[in-house]
Amino acid sequence: MEQIPLSLQQAIESGKCVLFLGAGIGEHLVTNGKPLPVGLGLAQELCEKFDIDPNGNYDLKLVSKVIEIQKGRKELESYLHKRLSNAEPDEYLQWLLSLNWRSIYTTNFDEGIEKSFSLNSNPIRNPIIYSLSQDIIDYDQRLEVPIIHLHGTLYGVRKSNIVITTQDYITYKEKRRMLFELLKRDAAISTILYVGYSNKDPNWNALITELQDEFSPKEIPNSYRVAPNTDELEKTVLKDSGVTTIDLDLAGFVKSLKSSINAQENIDNLGKYRENIPSDFHVNFDECPAAVLRLFNSWVYVNQAPFDEGQNIQAFLKGDKPNWALVSHDNFFKRDIEDSVYDECLEYITSSKERPSVISLMEPAGYGTTTFLMSLAVRLVKDKAGYVFFLRESASLGEGDIEFSINSLPSTCIFFIDNASSYKEKIQEVVHKYRDGKKHLLFVLGSRKNEWLQLGGGRLGKEFNLEQLSENEIGELLDFLEKNGSLGVLEPLSHELRVAAIKTKLGKELLVTMREATEGHAFDAILEGEYRNIGDEISQKIYLIVSCFYQYGSLLRTRLLAELCEIDESDLHPVMNQYLDGVIITEEINISLGVYGVRPRHRKIAEIIWERCGEKSMRDMFLQRSLELLNLNFKSDKDAFENFILSDNLIDSISDFDGKVKFFETACRKDPANAYIWQHYARMLSREKKFDLALNQIDKAINIDSKRILYHTKGKILADIAFNSDSVDIARKRLSQSEAAFNYGLGIKSNDEYCLHGLAELYFGWAKYIKSHDADEANDYMAKAESQISEALKKASNKEELWILSSKISDFIGDNPSQVRALANAIQASNTGDKARFILGKVYRKQQEYDMACSILQPVFTNNPEDFRVAIEYAKSLLGAGKLISEAIAVLNLSTLQGYKDPRFISFLGGLYFLEGRFTDAENVFSETQKQNFSNEESRSAHFKPKDFNDMSKPYAVLGKVISVKKGYAFIEITGYPDNIICPGSKWGVKVLKSEMEVKCELAFSAKGPVAVQPQEIKTLL
């Protein structure tokens, strides 16, 4: 094996070598099972994709220019973005990039280098990415290494800036003048190693020429080039130019280098960083400082969090998140569900499972999730359950950090992630990566439920739902407020009236409840008054702009904030300290770089300030300027960019149509290969009823990336066109196209919830559109919608929207007597199928015409005994008609195959067994819930509330006695029933449940079993 020159070994060992990477490393970067193409291969692919006849001339620059002329620049870049995305580096490239390089230069557009660093659990230094002169920021050379894309990059930038066409090569250097200054400086004092360049590579020749021009009349510094099979004449010429050729491929070079060098970390004087590192990691820091700093740039180490600092109780009461000192002193009120979630954490930690586990907490906005997660984290630390980390706001979630932690620490690592929907895909990747790796690793996640579900991919681990305040929690909240002297206007009231005041707010977020109930004013008015009373115009602007970002959880960098306010960054902090103390919070974004971000106290506060304060024209201006100035090299900026374009509410708040178009044109220029930008551009245009334009934009999105969600959007747009058309013939054509789009999405993934629901909505929408033209066709499409719902319920994990749509269909029929008559006439004439009969039977049942419902549904059930929705409707109709429970049970038992996959079916069948006194059978049915992946909400909701069989207008009531009362729930003993029945609350109305209390309550059933609700004390009733 060829020996590595000693001078090169020494340069690499000492950290004084510059690495240059070219297209040849593509064979070590794999995407979709194939290596990335080099210049010739890429030119051939482009010609095939864009139907270009090169006449044998596969010059990449020339081919790219032709495509730009004939097809468009965005189309070229979009294809490249998709083709080069998700490049995974192999072991040789990862090892090469793990060495201590002075800097790394590349002429490649892909993100393979960046991916290598993210996968490295123990980097010597952390990467800083440059692709334009304006990207250059300060960095610490001991801890960070610049990655310089001389010809631009397609990823992580505000605007695509690649150099690929003949024209690009003529003009590109002007925008990268400072990058070449860096190259000139590095080359002057370093050894250069070129990897991935052939001697015929135009990029290689251009680089050598540029370096010779820069150093002329002197010779360029000694350089080395790794390239196998180089012609001897070429070697001689290159040697004369100062470039020594090493006749190895990358794999051979890495193997030889591994055996030759002793890589040293040339990092000293790190005392100022070491002081800020938790003492548990001092040894790790001494061994690998860059890895430790990267870890704590992203994570708080809760085991050694600042528990001894002052508690921020006043800020917390005004809406800010608590600090660790406050949480560690339990100076907040706890939610009832915390013990259950904590027990689930301990169950995993104390188990022998050697694979990652996930516990997810789903909630609406403002329900106290951050405090909840922090409380869990502190409890785990106090119980010495493991090493606990909490992800910082707007931080990156890197696989390397996870791997470094679990490999460096001797017991379980527990990672808490708030606003976890932003990291769902990455969490899934990590869980998948370590599932067979025998790692004891726990993620505890908090997320808004709607944001989590919108991302697709289903559930991830055990789910809990944080819901509205319970009776017990209201009492806990009042005690907490009283303890801290913060009852406000509630102070003079009795306890009962205080409870009543809080309960009137139960439909809102916890934060809103606290502020409104205690201050006696609408929360919006409180915050608007706070904004108006800021006695400085610049400070009001700061509050408004910061709120725009943080309503989506994104920190706003102080330098960007200063640019938006058109002031110097040095003048920013004095202004905030004087006028915004306690209103705007500053947090670290990057410890080593000294980059800081700012935010208001809470996302709900930010949302209200942005919506209610500042002139509309000012908000429009700030939004447009923010979009233009975002630097996508910073994660906080990139997160804000993505949140802006994905927010329909934010876009709809822009004053006029031209402003909305300008917003999206700016976004498309910044990231033209992002299909989701074009998708949301199309959605905006559709909402503005610019349907043809919307269709054009969604087609562009699909050309970039054929994701199924894009076909759902296309289907929705085509449906909008159909339902807004005056011509039935044109509408019918659009209906067919919409149906095809949804079906194409289902072809990609057969259980896609959006497309399944979209098809059902399409059929229902067409029935409403066509009913004035053809009532029979309307009924046919109602039946088609119900058929689609039945099919979707077998596949979709989230069934709630499908049940709601089914209810809307029956309500629509029931509210239109002529439609009911037309449907009944069609059935009588035997012109309809079973789904039409199902719809009519459901309408009759809801109208309490039970005998009619039974006669309509009986043949439907006979033909479809396995359809659990038909079975449920038929069984309900039988009970309403006075039939025996056993008959209804027999009907349901014929459809258990699919029925056991639905919580409503389990609730109904198990409940009927229970009411008939067949308690063992009931328990067996309810046990089916444990086999399903129902959410906590689906499992615990009372889906079946039986009626009194002697009077179907009344609920089924029983008499019982309270046996025990716990925090947030109670148990009631009912004569004749084998087990005590849970009551989900310890207080109902103003009545607190107590042991031995005689009560009358209604009986209901969830998928887990019987539930006692609405208990009333019998003495009170008498």
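**Group meeting: cavities, cores and a few odd residues**

Okay, let's start inside: the lining of the largest cavity splits into seven nonpolar residues, three polar ones and one charged one. Before I go on, keep in mind that what you're looking at is a predicted model.

So, which residues line that largest cavity? Going along the chain, we have Leu 97, Ser 98, Leu 99, Asn 100 and Trp 101, then Phe 117, Asn 120, Pro 123, Ile 124 and Arg 125, and finally Val 145. The volume of this largest cavity comes out at about 70 Å³. How many cavities of 30 Å³ or more does the structure hold? The count is two.

Now to the pockets. The second largest pocket has about 1,800 Å³ of space. Its lining takes in 47 residues, and the ones nearest the centre are Arg 940, Ile 982, Pro 984, Gly 985 and Val 1011. By class, that's 20 nonpolar, 11 polar and 16 charged residues in the lining. If you want to find the walls on screen, at least two lining residues each come from several elements, including helix 17, helix 22 (471-483), helix 48 (919-926), helix 49 (936-940) and strand 28 (1009-1017).

Two of those central residues, Arg 940 and Val 1011, bring me to Ser 1006. Both are on the contact list of Ser 1006 once you set aside neighbours within four places in sequence, and so are Ser 907, Phe 926, Ser 939, Ser 941, Ala 942 and His 943. Ser 1006 itself sits in strand 27, residues 998-1006. Is Ser 1006 buried or exposed? Its relative accessibility is 3%, and the cut-off for buried is under 20%, so Ser 1006 counts as buried.

Next, the nonpolar cores. In soluble globular proteins, nonpolar side chains tend to be buried together. Here, the largest nonpolar core has 89 residues, with Leu 892 and Leu 912 making the most contacts inside it. Helix 38, residues 753-770, gives this core its largest share, 11 residues. There's also a second, separate core of 69 residues, and Val 512, Ile 545, Cys 565 and Ala 667 are among them. Back to Leu 912 for a second: beyond four places in sequence, Leu 912 touches Leu 879, Ile 885, Ala 888, Ile 889, Leu 892 and Phe 944.

Helix 3 is a nice one to look at down the axis. In this helix, residues 60-70, the buried residues are Val 63, Ser 64, Ile 67 and Glu 68. Why do they line one face? Viewed down the axis, the buried residues of helix 3 fall within an arc of 140°, so they line one face of the helix. The textbook background is that an α-helix has 3.6 residues a turn, so residues three or four places apart point the same way. The buried residues of helix 3 pack against helix 2 (39-49) and helix 4 (73-83), while Ile 69 and Gln 70 are exposed on the other side.

Last thing, for those of you who check backbone angles. Asn 229 isn't a glycine, but its phi is positive, near 60°. Asn 229 lies in the loop between strand 9 (223-226) and helix 10 (232-240), and at 73% relative accessibility it counts as exposed. Asp 330 also has a positive phi, about 55°, without being a glycine. Asp 330 is in the loop between helix 16 (324-328) and helix 17 (338-349), and with a relative accessible area of 38% it is partly exposed.

Conventions. Residues numbered from 1 in each chain as written. Predicted model: local features only at pLDDT ≥ 70, side-chain atom pairs only at ≥ 80, totals over all residues. Heavy atoms only, no water. 1 Å grid on protein atoms, 1.4 Å probe; cavity = no way out; pocket = protein on both sides within 12 Å on 5 of 7 lines; lining within 4 Å. Points joined across faces, edges and corners; volume = space filled by probe spheres on them. Nonpolar A, V, L, I, M, F, W, Y, C, P; charged D, E, K, R; others polar. Helix = DSSP H or I, 4+ residues; strand = E, 2+ residues; numbered from the N terminus. Buried < 20%, exposed > 50% of the residue type's maximum accessible area, 1.4 Å probe, protein only. Contact = heavy atoms within 4.5 Å. Core = buried A, V, L, I, M, F, W, Y, C linked by side-chain atoms within 4.5 Å. Arc of directions from axis to C-beta.
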